[in-house]
Amino acid sequence: MNLGGLRSARRYAQALLETCPESEQDELSRQLQTLRTLWLELPAFKALLQLQALSLTHPDPGQGDWTRHFHPLALQCLLLLRLHRRLPLLSDLGTEFDELLALRRGQLNAVLVAAQPMADRDVAAWRLVLEQHFKQQVPLQCRWDSNVQGGVKIETKRGILDWTVQKQFQCLQRHLSRN
């Protein structure tokens with residue numbers, strides 16, 4: 001998904017986290033991951049959600065009452081995503097929610113991977129980048145890997161942010177092969 005889509009998914013996830021009672025956050029997280037899986041792997045589910053006649057608040061008995069298995073906030077979010085024609089955000093919403101939840105609980109860590117030790121000021125600059133991205137301090141560990149050639153990787157629960165020369169070269173190859 002593009003950066004704008006990730007920002008939108010993060011905003012929806014932030015709103016969900018702020019409105020969900022703490023005791024229900026883990027369940028909502030599991031349900032968002034279930035919705036993501038259904039969205040990505042079941043074309044029939046994707047088509048069902050896109051039906052404008054589908055009511056997520058007052059289900060039609062003919063459609064089956066699948067909605068009763070989901071948290072009311074998950075259903076409200078589905079309604080908003082459909083209303084704003086942003087259903088594809090389901091593919092990233094659960095990940096963003098989990099990341100924000102981990103941040104709130106102080107559980108998100110990042111690992112900076114580089115070919116050789118970096119100067120303290122460079123590590124501090126990467127810490128600042130992460131702090132600006134996540135809107136709070138994120139513990140950053142450093143790991144040195146001789147396989148990384150030029151640039152750095154940052155690993156989080158969400159995935160790997162890769163700014164290595166190898167990654168840039170792969171992107172360039174893909175771009176050139178398309179043209």
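The protein has seven helices and four strands, and the model described here is a predicted one. Going along the sequence, the elements come in the order α-α-α-α-α-β-α-β-β-β-α. There are 179 residues in the protein, and buried residues make up 35% of them. The accessible surface adds up to about 11000 Å², with 52% of it belonging to carbon and sulfur atoms. As for how the chain meets itself, take the contacts with a separation of 6 or more: 68% of these are between residues 24 or more positions apart.

Helix α5 is a good place to start looking around. This helix runs over residues 90-104, and its 15 residues should span 21 Å at 1.5 Å a residue; the C-alpha atoms at its ends are indeed 21 Å apart, so the expected and modelled spans agree. Most of α5 is covered up, with twelve of its 15 residues buried. Among the buried ones are nonpolar residues such as Leu90, Leu93 and Phe97, but Ser91, Asp92, Glu96 and Glu99 are on the list too. Just after the helix comes Gly106, which has a positive phi, near 70°.

What about the inside of the protein? In soluble globular proteins, nonpolar side chains tend to be buried together. Here, the largest nonpolar core holds 40 residues, and Leu16, Leu28, Leu35, Leu81, Leu90, Leu93 and Phe97 are the ones with the most contacts inside it. Quite a few elements chip in: α1 (3-19), α2 (25-41), α3 (43-50), α4 (72-83), α5, β1 (110-114), α6 (120-134) and β3 (152-156) each supply at least two residues of this core. The biggest contributor is α5, which gives seven residues. Phe97 shows what this looks like up close. Setting aside neighbours within four places in sequence, Phe97 is in contact with Ala13, Leu16, Leu17, Gln25, Leu28, Ser29 and Leu32.

Charged side chains also pair up, and the count comes to five salt bridges. One of them joins the side chains of Arg10 and Glu96, with 3.1 Å from N to O. Arg10 sits in helix α1 and Glu96 in helix α5, so this pair ties together parts that are 86 residues apart in sequence. Are these two partners buried or exposed? Arg10 counts as buried because its relative accessibility is 14%, under the 20% cut-off. Glu96 counts as buried as well, at 1% relative accessibility.

A second salt bridge links Asp26 with Arg105, and here the closest N and O atoms are 2.8 Å apart. Asp26 lies in helix α2, while Arg105 is in the loop between α5 and β1, so the pair ties together parts that are 79 residues apart in sequence. Asp26 is partly exposed, with a relative accessible area of 36%, and Arg105 is partly exposed with a value of 36%.

Another pair stays within one helix. Arg30 and Glu27 form a salt bridge, with their closest N and O atoms 3.0 Å apart. The two residues are three places apart in helix α2, so about one helical turn separates them. The general idea is that an α-helix has 3.6 residues a turn, so residues three or four places apart point the same way. Glu27 is partly exposed, with a relative accessible area of 34%. Some salt bridges share partners, and in this way Arg10, Glu96 and Glu99 are joined into one network.

Now for strand β2, which covers residues 140-144 and includes Trp144. Which residues does Trp144 touch, not counting those up to four places away in sequence? The list is Ala114, Ala115, Gln116, Pro117 and Met118. Trp144 and Ala115 are 29 residues apart along the chain, yet their C-alpha atoms are separated by 5.3 Å. Trp144 is partly exposed, with a relative accessible area of 36%.

Finally, some nonpolar residues are found on the outside. Phe169, Leu172 and Leu176 make up a nonpolar patch on the surface, and together they have about 310 Å² of accessible area. One of these, Leu172, belongs to helix α7, which runs over residues 165-178. Leu172 counts as partly exposed because its relative accessible area is 46%, which falls between the 20% and 50% cut-offs.

How values were computed: Residues are numbered from 1 along each chain as its sequence is written. This is a predicted model: local features need pLDDT of at least 70, side-chain atom pairs count only at pLDDT 80 or more; totals for chains, interfaces and linings use all residues. Side-chain values use heavy atoms; hydrogens and water are left out. The expected span of a helix is 1.5 Å times one less than its number of residues. Buried means under 20% relative accessible area, exposed over 50%, partly exposed in between (1.4 Å probe, protein chains only). Patches are made of residues with over 30% relative accessible area and no salt bridge: like charges are joined within 9 Å, nonpolar side chains (Val, Leu, Ile, Met, Phe, Trp, Tyr) within 5 Å. Accessible areas come from the Shrake-Rupley method with a 1.4 Å probe; for residues, only the protein chains shown count as cover. A salt bridge is a side-chain nitrogen of Lys or Arg within 4 Å of a carboxyl oxygen of Asp or Glu. A nonpolar core is a set of buried Ala, Val, Leu, Ile, Met, Phe, Trp, Tyr and Cys residues joined through side-chain atoms within 4.5 Å. Contact means heavy atoms within 4.5 Å.
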